[in-house]
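User: I am new to protein models and would like to learn how pockets, cores, cysteines and single loop residues are read. Could you take me through them one at a time?

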Amino acid sequence: TRIEPCSHEEADTRVILHCADQARAGYKKLLLRTVDSDVVILAVSYQQQIDCDELWLAFGTGKHFRYIAAHELANALGPDRCAALPMFHAFTGCDTVSAFTGRGKKTCWDVWSSYTPVTAAFIDLSKQPGDTPEHCLELCERFVVLLYDRASSSNNVNSARKKLYARKHNIDSIPPTQDALIQHLRRAVLQSGHIWSQALVAQPVLPSP
């Protein structure tokens with residue numbers, strides 16, 4: 001087939017590669033069965049690169065089972081947000097990257113919707129960067145500050161930590177240190193910027209963790 005030999009280690013990316021292969025074979029309506037939210041994110045992000053008219057996901061189990069129209073979500077989000085979506089998902093918590101304490105996906109999504117400049121950083125970090133660009137770190141740092149304090153004017157997580165701890169005296173209600181955030185961001189970049197970004201490549205070239 002067109003996708004052999006394939007060296008993907010994750011089923012999440014391999015299934016996206018299979019979708020692209022089926023679209024090339026002429027199938028215009030595709031259905032994926034998954035219980036993994038990572039696959040949903042990748043399907044929406046890649047839908048416009050996979051040459052099909054409709055990409056559906058049969059998602060969940062039991063009473064939580066539902067069909068998701070990835071093509072409709074992709075159209076609603078637009079090309080920039082679709083391109084930024086995997087990095088947003090990795091940065092805010094996925095199978096291989098930790099989440100921010102007490103900050104679920106809905107909260108993270110709401111902050112992203114109100115702080116749109118970070119979209120450019122998510123897109124840049126999705127392009128296999130060799131290191132974390134300074135401007136991307138600054139935007140992500142501001143994003144994290146807003147996750148914990150929407151009213152804050154600070155761009156520095158260390159400064160925000162100090163103010164929030166003085167106010168609440170609760171270690172779970174303050175953002176991570178800048179050093180910890182940098183390492184967190186690097187893990188997210190490895191997952192999204194290197195592994196997920198090569199979902200349509202049969203034999204991706206990955207850096208050492």
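User: Which classes of residue make up the lining of the second largest pocket, and how many of each are there?

Analyst: Rolling a probe the size of a water molecule over the atoms shows where empty space is left. This is a predicted model, and in it the lining of the second largest pocket has six nonpolar, five polar and three charged residues. The pocket holds about 280 Å³ of space, and among its 14 lining residues, R186, R187, V189, L190 and P209 lie nearest its centre.

User: Which helix gives the most to the lining of the second largest pocket?

Analyst: That is helix α9, residues 178-195, which contributes six residues to the lining of this second largest pocket.

User: What volume does the largest pocket have, and which residues are closest to its centre?

Analyst: The largest pocket has a volume of about 380 Å³. It is lined by 16 residues, and those closest to its centre are V40, I41, L73, L85 and W109. Two or more lining residues come from each of α2 (37-46), β3 (66-69), α3 (70-77), α4 and α5, and α2 gives the most, with four residues. By class, the lining of the largest pocket has eleven nonpolar, two polar and three charged residues.

User: How should I read the nonpolar core, and which residues touch the most other members of the largest one?

Analyst: In soluble globular proteins, nonpolar side chains tend to be buried together. Here the largest nonpolar core has 62 residues, of which I50, L55, F91, V118, F122 and F143 touch the most other members. Helix α7 gives the most to this core, with ten residues. To see one member in its surroundings, take L55: leaving aside residues up to four places away in sequence, L55 touches C19, L30, L32, A43, Q47, I50, I68, A69, A70 and H71.

User: How many disulfides are counted in this model, and why is C82 not bonded to C52?

Analyst: A disulfide is counted when two cysteine sulfur atoms lie within 2.5 Å, and by this rule the count comes to zero disulfides. C82 is not bonded to C52 because the sulfur of C82 is 13 Å from that of C52, which holds the closest cysteine sulfur, and this is too far for a bond. For C140 the closest cysteine sulfur is in C136, at 6.5 Å, which is again too far for a bond. Both cysteines count as buried, since C82 has 3% relative accessibility and C140 has 1%.

User: Where is S126 placed, and is S126 buried or exposed?

Analyst: S126 is in the loop between α6 (118-125) and α7 (134-148). A residue counts as buried when its relative accessible area is under 20%, so S126, at 14% relative accessibility, counts as buried. Apart from residues up to four places away in sequence, S126 touches A83, M87, S192, G193 and S197.

User: Where does T101 sit, and how is its accessibility read?

Analyst: T101 also belongs to a loop, in this case between α4 (79-91) and α5 (105-114). With 44% relative accessibility, T101 counts as partly exposed. When residues up to four places away in sequence are left out, T101 touches Y148 and D172. As a reading of distance, the C-alpha atoms of T101 and R142 are separated by 17 Å, while the two residues are 41 residues apart along the chain.

Notes:
Residues numbered from 1 in each chain as written. Predicted model: local features only at pLDDT ≥ 70, side-chain atom pairs only at ≥ 80, totals over all residues. Heavy atoms only, no water. Buried < 20%, exposed > 50% of the residue type's maximum accessible area, 1.4 Å probe, protein only. Contact = heavy atoms within 4.5 Å. 1 Å grid on protein atoms, 1.4 Å probe; cavity = no way out; pocket = protein on both sides within 12 Å on 5 of 7 lines; lining within 4 Å. Points joined across faces, edges and corners; volume = space filled by probe spheres on them. Nonpolar A, V, L, I, M, F, W, Y, C, P; charged D, E, K, R; others polar. Core = buried A, V, L, I, M, F, W, Y, C linked by side-chain atoms within 4.5 Å.
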